Amino acid sequence: MRPGNICLALGLVLTLVCSACTQPPSAQKHEPAVPNQAAATPEGSASPPAVAQNLAPEKPAPQNAAPQSVAPRVNAARAMQYTREIVAMGPRPIGSQAHRRLEEYLRQHLKKTAASVQEDAFTAQTPAGPFPMRNFIAEYPGSKDGVVVMASHYDTVLPLKNFVGANDGGSSTGLLLELGNQLHSQGKLPSYSVWLVFLDGEEAVKQWSDTDSVYGSRHLAEKWSADGTVRKLRAFLLADMIGDKDLDILRDENSTPWLEDLVMQAASNLGLQSYFFANTTAIGDDHIPFAKAGVPVADLIDFTYGYNNVFWHTPEDTMDKLSPRSLEVTGNVLLETKRLLDQK
Ligand code: 1BN
Ligand code: ZN
């Protein structure tokens, strides 16, 4: 064998060995390997934390690419790093300095990947008085008429002290930023546009009710109903609490049945169905105002966070409970669902 060929062979062996040892146990337990998946570093591994900026997004694909036969894959390590950086800002309730820092962080990241970023600022009337709030809409244009929304909330619970929301608020926000990298790398999408929507004020200010919750989502759904934008929306895909190491996304009875079926089809296409729909519950979340506005909706939420949901809305909602694999699974299923929507 010539020296160049020996190097190539060694490189191949090393790549195979390394990708095998970066698979976290949950992945081995749940499903066969997915082709093209990005290597994921388990939280708590010995390697120093990467800086998300160094895990640079890929260059955009050439224009006029053919419709996709395979959906792109997210980079789990980068999604995890975004989440880590967000959580390091501390509790991020509405009105806090960390909330403003996160808004600036979103602005800086999104302007690198999106064709345009809209800010929807408004004042919410809450039981604790008026609060300034702000939704971000990052647009990734496609050639087909219609828009698929992928959404997350980025605020954390106001009345809870020491609550950093690694899973609740952090994980889905980090994942959406990574989805922005993937969408950007495709150039103009040969299909529906995607809008990544970062919603404010999902959490209740005092006690969760129809009027004390999902402030950002209610405001945006109302605005897009009034100006006709809802008619462009083919689907509203919400991600919430999707970073749990023990990922178990439920089937939500308040979501649109055919869209839930499509999510399951997407998961099955990727061999990831065991992470989805073992349990069925009706969930009130940011998707409800859009469902009421007539948009097909699906809430991808894992609401068993620790035994009996013991980590939910507690100071125990921290990075060590998360797995990059869970971000990867959810992100890849979102992208595959989008690909299936494009074919409908
Ligand atoms: C999700 C994360 N939610 C709040 N933080 C919405 C919710 C509220 C889900 C009550 C179930 C019950
Ligand atoms: Zn919450």
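## The sheet

In this predicted model, six strands line up as an open sheet, in the order β1-β2-β4-β3-β5-β8, with mixed pairing. At the edges sit β1 (116-126) and β8 (297-301), each of them pairing on one side only. Ignoring direction, neighbouring strands here are turned against each other by 20° on average.

Let's walk across from the β1 side. β1 and β2 make a hairpin, with two residues between them. Their pairing is antiparallel and runs over eleven bridges, and one place to look is S116, whose bridge partner in β2 is E139. Moving on, β2 and β4 also run antiparallel, joined by five bridges; A138 is the residue to click on here, standing opposite L196 in β4. Further along, β3 (residues 142-153) and β5 (residues 233-240) run parallel and are joined by five bridges. V147 faces L233 of β5 across that pairing.

## Helices against the sheet

How many helices and strands does the chain have in total? It has nine helices and eight strands. Two of the helices are worth a look for how they meet the sheet.

Helix α5 (residues 166-185) lies across β2 (129-140), β3, β4 (189-199) and β5, and it runs at about 150° to β4. Helix α7 (residues 257-269) packs on the sheet too, where it touches β5 and β8. The direction of α7 makes about 50° with that of β8.

## The core

Which residues touch the most other members of the largest nonpolar core? That core has 86 residues, and the best-connected ones are V149, M150, F236 and L237. Among the elements, β4 gives the most to this core, contributing eight residues.

F236 is a handy one to zoom in on. Leaving out residues up to four places away in sequence, F236 touches V149, A151, H287, F290, V295 and V297. For the chain as a whole, 48% of the 344 residues count as buried. Contacts also reach a long way along the sequence: among those between residues at least 6 apart, 82% join residues at least 24 apart.

## Around ligand 1

What surrounds ligand 1? The shell is made up of D168, E203, W208, D240, M241, I283, G284, D285 and F303. By type, the shell splits into four nonpolar residues, one polar and four charged.

Two members of the shell tie back to pieces described above. D168 falls within the span of α5, residues 166-185. D240 belongs to β5, which covers residues 233-240.

## Two unusual backbone angles

Most residues other than glycine have a negative phi, so a positive value is worth checking. M241 is one such case: its phi is positive, about 60°, although it is not a glycine. You'll find M241 in the loop between β5 and β6 (249-252), and this residue is also one of those around ligand 1. Is M241 buried or exposed? M241 counts as buried because it has 28 C-beta neighbours inside 10 Å, and the cut-off for that is 20 or more.

V214 is another non-glycine residue with a positive phi, in this case near 40°. V214 lies in the loop between β4 and α6 (215-226). With 26 other C-beta atoms within 10 Å, V214 is buried as well.

Conventions. Residues are numbered from 1 along each chain as its sequence is written. Chains are lettered from A and ligands numbered from 1 in the order in which they are written. This is a predicted model: local features need pLDDT of at least 70, side-chain atom pairs count only at pLDDT 80 or more; totals for chains, interfaces and linings use all residues. A residue is near a molecule or strand if its C-beta atom, placed from the backbone, lies within 6 Å of it. Ala, Val, Leu, Ile, Met, Phe, Trp, Tyr, Cys and Pro count as nonpolar, Asp, Glu, Lys and Arg as charged, and the others, Gly among them, as polar. Two strands pair if DSSP finds at least two bridges between them. Helices (H or I, at least four residues) and strands (E, at least two) are DSSP runs, numbered from the N terminus. Axes are lines fitted to C-alpha atoms, for helices over the stretch in contact, and angles run from 0 to 180 degrees between N-to-C directions. Two residues are in contact if their C-beta atoms, placed from the backbone, lie within 7 Å. A residue is buried if 20 or more other C-beta atoms lie within 10 Å of its own, exposed if 12 or fewer, and partly exposed in between; C-beta atoms are placed from the backbone. A nonpolar core is a set of buried Ala, Val, Leu, Ile, Met, Phe, Trp, Tyr and Cys residues joined through C-beta atoms within 7 Å.
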